[in-house]
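User: I'd like to go through this structure with you and ask how each label is earned. Could you take me through the reasoning as we go?

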Amino acid sequence: MEIKSALVNGTGEDYEIETVKLSEIQDDEIRVKMVASGICHSDEVARTGELPHPLPAILGHEGAGIVEEVGSYVKNIKAGDQVVLSYKYCGHCNHCLTGKPASCNSFASLNLDGKRSEGTYYFEKPDGTKINSYMHSAFSTYSIVKQENVTVVDDDVDLRLVGPLGCGFMTGAGTVFNGLKPEAGSTIAVFGTGAVGMAALMAGKIAGCTKVIGIDIHDDRLELARELGATHVINSKTQDIEEEVNQLTGNQGINYIVDTTGVVPVIKTAISLLAKEGVIAPIAVQKGDLELNVLTELSVSNRSIIGVLMGNTIPQLTIKQLVELHRANRFPFDKLIEFYKFEDINQASQDSASGKTVKPVLIIDEEYKPKAAQA
Ligand SMILES: [Zn+2]
Ligand SMILES: [Zn+2]
């Protein structure tokens, strides 16, 4: 069938909305009519080539939509279901079987190969040029996914909001819930208050941290962080961060830190501010390598640095959990979202990169109305 997709044809080029041919679904596949998609930093690094990906490609991996057709092997998902899309995993490797699909042995090939494992493509141009997919290629009016990509959500959920639960917000919250696992009463700090950082802050509050510290260089962001649950904020440009942290923690340091900046000197500073037994999870695309004296900076204080991919989440559980927390007004991620028209994807992408918008969401199906609004 013919669909419209936003393509990146060459490294660093703008998105072009083009007419594209979508393949038929296979027995284990699901065709989704996309309602909306968030724009994530990992789309931007694929567009610019910072994270090389074969082109032309259809990016986008924070999609939400409605199931239109399912293959005969697909169970428990049917046409008409409202779905949030996330990453793909194999379901049968040792990590998947122990409930850690973010560590799936086939994560890279399943999500980033740009085509099906047997070599066929989901999308092609009218002239037959093959188009690479990227994660679930959400910058498109339709996409084809597998059961593992899909989380079915209730009919009253507004699909225009929930796409970013499949990557950015899930990553931020999951890093806290599954990676750091802070004890109630502990102190958590988040460096960088973008979409992922804000989700981590909200999760720190939900987890029972009594000091939730947002750190950034923009006062407007810090104000928003306070609104979302930060108990303290520090502008590291205008305030002495070490002094502030010492004062806040009685010279004990911070128990848990999430770094979402990826800036090496910032990560160095963050490590130096950890309490004894403190743990830091740096989760951004990092610019340059980190040099560290593991004895003096880690071992003597029993500190650790941990890697956490996609918040170490099981999307089908975490997305529903976040939807419920949102319903209970404890995870107000909608305050971070700004809607853009699909055709304004280049503007949205620029506003995401510049930080003007915390979480841009493209409305791909303008006709969509949430069930609650239809009543
Ligand atoms: Zn992402
Ligand atoms: Zn697996």
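**From strands to metal sites**

Analyst: Happily! Let's start with a strand pair: strand E2 (residues 16–22) and strand E7 (residues 123–124) run antiparallel and are joined by 2 bridges. Please keep in mind that this is a predicted model.

User: What makes E2 and E7 count as a pair?

Analyst: Pairing calls for at least two bridges between two strands. E2 and E7 have 2 bridges, so they satisfy that definition. As a concrete example, Leu22 has Phe123 in E7 as its bridge partner.

User: Why is the pairing in the open sheet called mixed?

Analyst: The sheet has 5 strands in the order E1-E2-E7-E8-E4. E7 and E8 pair in the antiparallel sense over 2 bridges, with Glu124 partnered by Lys130 in E8. E4 and strand E8 (residues 130–133), on the other hand, run parallel, again with 2 bridges, and Ala57 has Asn132 in E8 as its bridge partner. With both senses present, the pairing is mixed.

User: Which strands stand at the edges, and what makes them edge strands?

Analyst: Those are strand E1 (2–7) and E4. Each has a single partner strand, so one side of each has no neighbour in the sheet.

User: What stands out in the hairpin of E7 and E8?

Analyst: There are 5 residues between the strands, and Gly128 takes a positive phi near 95°.

User: Let's move to the metals. How do you know which residues are the protein donors of the zinc ion (ligand 2)?

Analyst: A donor is an N, O or S atom within 2.8 Å of such a metal. The SG atoms of Cys90, Cys93, Cys96 and Cys104 lie 2.3 to 2.4 Å from the zinc ion (ligand 2), so they meet the cut-off. Along the chain these donors follow the spacing C-x2-C-x2-C-x7-C. Cys90 and Cys104, 14 residues apart, link distant parts of the chain: Cys90 is in the loop between strand E6 (82–85) and helix H2 (94–97), and Cys104 is in the loop between H2 and helix H3 (107–112).

User: Why is the arrangement around this zinc ion (ligand 2) called tetrahedral?

Analyst: Four donors earn that word if all angles lie between 85 and 135 degrees. Around the zinc ion (ligand 2), the 4 donor atoms subtend angles of 104 to 117°, so the arrangement is tetrahedral. For reference, the ideal angle for four tetrahedral donors is 109.5 degrees.

User: Are Cys90 and Cys104 buried or exposed, and how do you know?

Analyst: Buried means under 20% relative accessible area. Cys90 comes in at 15%, so it is buried, and Cys104 has 5%, so it is buried too.

User: What are the protein donors of the zinc ion (ligand 1)?

Analyst: They are Cys40 (SG), His61 (NE2) and Cys167 (SG), at 2.0 to 2.2 Å from the ion. Their spacing along the chain is C-x20-H-x105-C. His61, in the loop between strand E4 (57–58) and strand E5 (63–70), and Cys167, in the loop between helix H4 (159–162) and helix H5 (168–180), are 106 residues apart and link distant parts of the chain. Both His61 and Cys167 are buried.

User: Why is Met310 called buried, and what does it touch?

Analyst: Its relative accessible area is 8%, so Met310 counts as buried. Met310 sits in the loop between strand E16 (304–305) and helix H11 (315–327). Residues it touches include Cys167, Tyr87, Phe107 and Met170.

User: How do you know that the buried residues of helix H12 (residues 345–354) are on the same side?

Analyst: The buried residues are Ile345, Ala348, Ser349 and Asp351. They cover an arc of only 165° around the axis, so they are on the same side of H12. Ala353 and Ser354, on the other side, are exposed. The cover over the buried residues includes E1, helix H1 (41–48), strand E17 (337–341) and strand E18 (359–363). Just after H12 comes Gly355, with a positive phi of about 90°.

User: Which residues of H1 are buried, and what covers them?

Analyst: Asp43, Glu44, Val45, Ala46 and Arg47 are buried in H1. Their cover includes strand E3 (29–38) and H12. Following H1 is Gly49, with a positive phi near 95°.

Conventions
Residues numbered from 1 in each chain as written. Chains lettered and ligands numbered in written order. Predicted model: local features only at pLDDT ≥ 70, side-chain atom pairs only at ≥ 80, totals over all residues. Heavy atoms only, no water. Donors = N, O, S within 2.8 Å, 3.2 Å for Na, K, Ca; no water. Tetrahedral: all angles 85-135°; square planar, octahedral: opposite > 155°, others 65-115°. Helix = DSSP H or I, 4+ residues; strand = E, 2+ residues; numbered from the N terminus. Buried < 20%, exposed > 50% of the residue type's maximum accessible area, 1.4 Å probe, protein only. Contact = heavy atoms within 4.5 Å. Arc of directions from axis to C-beta. Lists of a residue's contacts leave out its neighbours within four places in sequence.
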